[in-house]
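Reader: I'd like to go through this one with you and ask where the labels come from. Could you take me through them slowly?

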Amino acid sequence: MVGRGGLTGIVNIMKRTGAEDLGDFYPIRPDCLADTPKPRFKPRAGKTLSERRWNAAFSEDGHLDIEKVLRRIQRGGVHPAIKGSVWEFVLGCFDPNSTYEERDQLRQCRREQYIRWKAECQHMVPVIGSGKLITTPIITDDGQTVIDSSINSTFSDKRSIQWMRALHQIGLDVVRTDRTLAFYDSEKNQAKLWDILAIYAWVDNDISYVQGMNDICSPMVILLENEADAFWCFERAMRRLRENFRCSASSMGVQTQLSTLSQVIKTVDPKLHQHLEALDGGEYLFAFRMLMVLFRREFTFADSLYLWELMWAMEYNPNIFSLYEKPIAESDKSAESVLNNKLLKQCGKFERNKVKTGCKDQQSALAVFLVASVLEAKNKRILKEAKGLDDVVQILSDITGNMDARKVCKDALKIHKKYLSKAKK
């Protein structure tokens with residue numbers, strides 16, 4: 001299993017030394033050590049999903065006991081040595097009921113599809129796949145090639161022009177991504193992230209590329225050694241998040257979730273909502289970034305990964321694989337909620353609560369309730385100290401590196417339950 005991830009060599013070192021320092025899994029650049037908060041997440045024996053328990057969860061032919069795995073993840077996250085392999089299941093890349101052979105065939109098909117897409121993109125922009133990346137514009141608005149650019153043809157079709165215009169912005173974002181991590185000291189690793197984002201922007205022409213996607217994709221690049229596998233893991237994550245990145249002339253998709261957040265706080269904590277409205281913060285735009293990139297700025301790198309896998313385990317629905325095998329346009333909806341008792345047990349805690357209560361609101365993602373739990377944790381300070389929106393932003397900025405992911409998720413589940421109860425009344 002581990003051989004498919006990007007951590008094999010480090011894992012072997014860990015086994016020899018017995019070390020469990022997360023800094024050995026996600027090394028920090030020496031010049032950033034002093035300013036980088038220590039992660040709170042620590043693998044805990046008997047709670048964290050270990051490599052041994054992960055391997056034991058598979059039957060002889062490869063069927064995965066997803067119910068057992070979800071319980072373990074929700075208790076203590078996933079050990080860094082196996083995160084990539086586990087994420088492929090909780091994100092819906094693979095069906096737990098499939099065999100080793102079926103997954104190997106599917107993985108090979110996906111890798112071949114990725115190679116075909118990459119060849120299409122490489123034909124237009126040869127820099128793709130070269131180990132380099134682009135950070136300056138290569139094409140004008142009307143499709144004319146910029147002098148000294150990496151392409152030598154003129155393009156007139158709207159799709160190609162839109163895509164090529166995005167490439168340098170992807171490059172600018174990539175060189176700023178997770179700069180505290182030693183992993184991205186390598187231009188080859190930066191180029192791998194750039195290639196995946198560029199190819200995704202080509203494939204998902206409807207959404208293309210929007211800033212923030214780089215923060216979602218980066219962990220996949222680090223955890224999964226094979227570029228195609230990392231792409232598909234990112235693609236599955238985007239199935240959940242892509243509506244957040246949908247842009248129009250007047251709004252971003254994430255504003256729909258902000259509207260839901262407003263409704264949640266108004267229901268569970270009217271006093272706090274009234275105070276925020278009085279500060280002209282009733283649209284909750286100060287929470288925009290938390291929802292957009294799933295708390296990547298509020299948690300350390302290791303803690304944000306822990307938070308994500310807790311979320312994905314809690315939101316897991318056994319129909320996710322079959323739903324995501326459909327084209328993107330057909331799967332932009334929640335997994336079917338009609339589940340028998342056996343399948344219901346294979347749902348995560350959050351998803352199970354939604355199914356049992358009949359909640360079908362697609363925007364009521366766990367992330368909304370995570371933000372609500374953060375606001376509730378800072379309730380007293382906001383009510384007492386916030387005299388304007390700048391104060392709210394400052395109070396929330398103090399949480400950076402100081403939150404426990406498991407507690408935030410636990411509190412979010414409580415708020416979700418409270419919200420559903422009050423909303424019914």
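Author: What follows is a chat about labels and the values behind them. This is a predicted model, where local features need pLDDT of at least 70 and side-chain atom pairs count only at pLDDT 80 or more, while totals for chains, interfaces and linings use all residues. Residues are numbered from 1 along each chain as its sequence is written, and side-chain values use heavy atoms, with hydrogens and water left out.

Reader: What makes up the protein chain, in helices and strands?

Author: The protein chain has 21 helices and 0 strands. Both are DSSP runs numbered from the N terminus: H or I of at least four residues for a helix, E of at least two for a strand. Of the 425 residues, 54% count as buried. Among contacts in the chain with a separation of 6 or more, 73% are between residues 24 or more positions apart. Contact here means heavy atoms within 4.5 Å.

Reader: Why is Ser304 called buried?

Author: Buried means under 20% relative accessible area, exposed means over 50%, and partly exposed is in between (1.4 Å probe, protein chains only). Ser304 has a relative accessible area of 0%, so Ser304 is buried. Ser304 sits in helix 14, residues 301-314. Leaving aside neighbours within four places in sequence, Ser304 is in contact with Phe295, Arg296 and Phe299.

Reader: And how do you know which label fits Lys349 and which fits Asp142?

Author: With a relative accessible area of 38%, Lys349 falls in the middle class, so Lys349 is partly exposed. Asp142 has 53%, so Asp142 is exposed. Lys349 belongs to helix 17, residues 349-357, and touches Gln74, Met314 and Leu413, not counting residues up to four places away in sequence. Asp142 is in the loop between helix 6 (100-124) and helix 7. Phe155 and Ile161 are in contact with Asp142, once neighbours within four places in sequence are left aside.

Reader: What makes Asp178 and Ser208 worth pointing out, as far as phi goes?

Author: Most residues other than glycine have a negative phi. Asp178 has a positive phi of about 45° although it is not a glycine. Ser208 is not a glycine either, and has a positive phi of about 60°. Asp178 lies in the loop between helix 7 (158-174) and helix 8 (187-203), and Ser208 in the loop between helix 8 and helix 9 (213-223). At 14% relative accessibility, Asp178 counts as buried. Ser208, at 7%, counts as buried.

Reader: Let's turn to helix pairs. Why is helix 5 said to be roughly parallel to helix 14?

Author: The axes of helix 5 (residues 83-90) and helix 14 come within 10 Å and cross at roughly 30°. Angles under 35 degrees count as roughly parallel, over 145 as roughly antiparallel, 65 to 115 as roughly perpendicular, and the rest as oblique. That crossing angle makes helix 5 roughly parallel to helix 14. The contact is made by Lys83, Trp87 and Val90 of helix 5 and Leu305, Tyr306, Trp308, Glu309 and Trp312 of helix 14. By class, the residues of this contact divide into 6 nonpolar, no polar and 2 charged.

Reader: What makes a residue nonpolar, polar or charged in that count?

Author: Ala, Val, Leu, Ile, Met, Phe, Trp, Tyr, Cys and Pro count as nonpolar, Asp, Glu, Lys and Arg as charged, and the others, Gly among them, as polar.

Reader: How do you know what to call the angle between helix 14 and helix 18?

Author: Helix 14 and helix 18 (residues 366-377) pack at an angle of about 125°, with their axes 10 Å apart. The two helices are therefore oblique to each other. The contact is made by Leu307, Met311 and Met314 of helix 14 and Leu366, Ala367 and Leu370 of helix 18. By class, this contact has 6 nonpolar, no polar and no charged residues.

Reader: And what is the label for helix 6 against helix 10?

Author: Helix 6 and helix 10 (residues 227-241) pack at an angle of about 95°, with axes 9 Å apart. That makes helix 6 roughly perpendicular to helix 10. Helix 6 brings residues including Arg107, Arg110 and Trp117, and helix 10 brings residues including Glu227, Asp229 and Trp232. The residues of this contact divide into 5 nonpolar, 1 polar and 7 charged.

Notes: Axes are lines fitted to C-alpha atoms, for helices over the stretch in contact, and angles run from 0 to 180 degrees between N-to-C directions.
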